[in-house]
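Trainee: Please give me a close look at a single part of this structure, the sheet and the pocket it shares residues with. I would like the cysteines cleared up before we get there.

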Amino acid sequence: MLCSLLDRQVFVKSPRSGVAVHGASYYTNRDEPWLVSSHAYESRSDTCDVAFLRYSRDNGRSWQYQREWAAEFQAEGGTGRRHLRGFYTDPLSGRCLIFWTEGVLPSDDPLEGLRQWKVHYGVLAPDGRSLLHTEQIVHDGTTYSERHPLPGVTIGRNCVMMGDLGERPLTRSDGTILLPVQSSPTGRDGYYANPGKGFTYTDALLLMGRWREDGRLAWTASERIVGDPERSTRGMIEPTLAELPDGRLLVVMRGSNDAEPELPGYRWYALSHDGGATWSEPAPWRYHDGQSFFSPSSCSQLLPWRDGRLFWVGNLCGENPRGNSPRYPLVLAEVDPRSGMLVRGSVSILDDRRSDESPRLTLSNFYVREDRESGHLLLHMTRLFANQQPDAPTDWTADAMQYRYVIS
């Protein structure tokens with residue numbers, strides 16, 4: 001058994017019926033037990049109603065100074081929406097960064113984001129409670145702008161976005177910050193095109209930030225990691241990133257067999273030998289002994305551990321999934337350092353559906369980190385739709401939970 005559960009408690013309680021809360025916590029510096037907590041309310045799919053930030057100086061034992069973080073804002077041309085995608089402390093510079101996805105939706109339909117989303121970042125002040133500056137991520141060079149922020153991306157035609165909290169940055173040894181993101185492709189007319197048959201379609205890529213003397217980041221982009229629409233109907237989604245011991249970069253991505261359930265539902269991976277600039281053709285991720293496994297279309301996260309091991313947290317299933325389902329159990333497994341594949345004998349269940357819970361249970365929408373003081377693994381997760389009744393309207397009511405595990 002790779003891990004054992006110590007406790008599970010409510011991190012932030014749902015404020016009322018019909019509202020789910022998603023929460024997570026992050027260290028804001030390299031050494032002190034200072035944390036920032038973010039939590040958001042959701043009452044419809046892919047929409048953040050409102051978000052809040054809290055702060056702790058005692059490793060999360062108590063929280064103070066809660067303030068609202070504007071998830072909806074007034075904008076010309078529609079409704080402005082923001083989705084907070086977490087904080088990251090750069091281990092070399094010591095600076096703490098915040099990232100979010102933002103866009104103006106003409107009719108407030110989340111699917112309009114495939115032509116509108118863009119990525120922003122900010123740098124926190126040393127106290128972790130205020131921002132020194134914020135700005136949209138725009139590729140370095142005079143040919144790029146807020147409307148045309150990256151090669152192949154024009155806001156209003158297609159997008160760049162972060163889809164979940166597992167898209168964690170990584171700092172290369174030369175100080176470059178690597179941020180995994182996704183972007184919708186375009187067709188011959190230059191507008192978003194879906195070459196698959198699924199709900200949405202995206203490619204994956206890295207944004208590479210280098211610190212400037214003024215304390216801001218100069219950004220460039222890697223090549224796109226492009227999937228085969230005949231094998232993954234939604235392309236490559238929500239990449240999570242890690243570095244292997246030999247310096248290769250590993251990215252693991254969500255795929256889908258949405259609308260084509262006869263296709264095998266895999267997790268996908270790609271490797272880079274040049275620091276993230278170029279990538280191998282994405283392929284189904286496997287166990288280190290060559291055996292394949294099934295995984296639904298859901299987010300996941302790679303997690304480097306203090307002893308040098310690399311873990312992966314995500315959903316595995318015993319039979320071929322159908323698109324997003326089932327999103328249980330949620331597992332922890334070790335990544336083989338040589339092959340970059342999962343170690344089959346290391347798979348441990350973090351949480352699973354109980355017999356009295358709905359088959360629509362979703363054990364996803366999570367974030368994992370290490371507790372610096374105890375060395376425990378902390379899992380932030382919202383158990384969505386656990387009590388959903390068949391043929392009833394979707395019930396979003398759910399608390400944000402925090403789990404604590406001992407890692408062996």
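Mentor: Happily, and cysteines first: a disulfide is a pair of cysteine sulfur atoms within 2.5 Å. By that cut-off the structure holds 0 disulfides. This is a predicted model, in which local features need pLDDT of at least 70 and side-chain atom pairs pLDDT 80 or more, while totals for chains, interfaces and linings use all residues. Residues are numbered from 1 along each chain as its sequence is written, and side-chain values use heavy atoms, without hydrogens and water.

Cys 48 cannot form a bond because the closest cysteine sulfur, in Cys 299, is 16 Å from its own, which is too far. Cys 48 is also buried, at 8% relative accessible area (buried is under 20%, exposed over 50%, partly exposed in between, with a 1.4 Å probe and protein chains only). For Cys 96 the closest cysteine sulfur is that of Cys 48, 19 Å away and again too far for a bond. Cys 96 is buried too, with 2% relative accessibility.

Now to the sheet. Four strands (DSSP runs of E, at least two residues, numbered from the N terminus) make an open, antiparallel sheet in the order E20-E21-E22-E23. Its edges are E20 and E23 (348–351), each of which pairs on one side only (pairing takes at least two DSSP bridges). E20 joins E21 (residues 310–315) through 4 antiparallel bridges, and Leu 303 sits opposite Phe 311 of E21. Between these two strands the hairpin has 5 residues, and one of its features is Gly 308, with a positive phi near 100°.

Leu 303 brings us to the second largest pocket, with a space of about 950 Å³. A pocket here is an open set of points on a 1 Å grid where a 1.4 Å probe fits, with protein on both sides within 12 Å along at least five of seven lines; lining residues have an atom within 4 Å of a point. Its volume is the space filled by probe spheres on those points, joined across faces, edges and corners. There are 34 lining residues, and those closest to the centre are Tyr 88, Leu 303, Pro 304, Trp 305 and Glu 370. Strand E20 (301–304) gives two or more residues to this lining, as do other strands including E7 (78–89) and E24 (362–370). By class, the lining has 20 nonpolar, 5 polar and 9 charged residues.

Definitions and conventions. Ala, Val, Leu, Ile, Met, Phe, Trp, Tyr, Cys and Pro count as nonpolar, Asp, Glu, Lys and Arg as charged, and the others, Gly among them, as polar.
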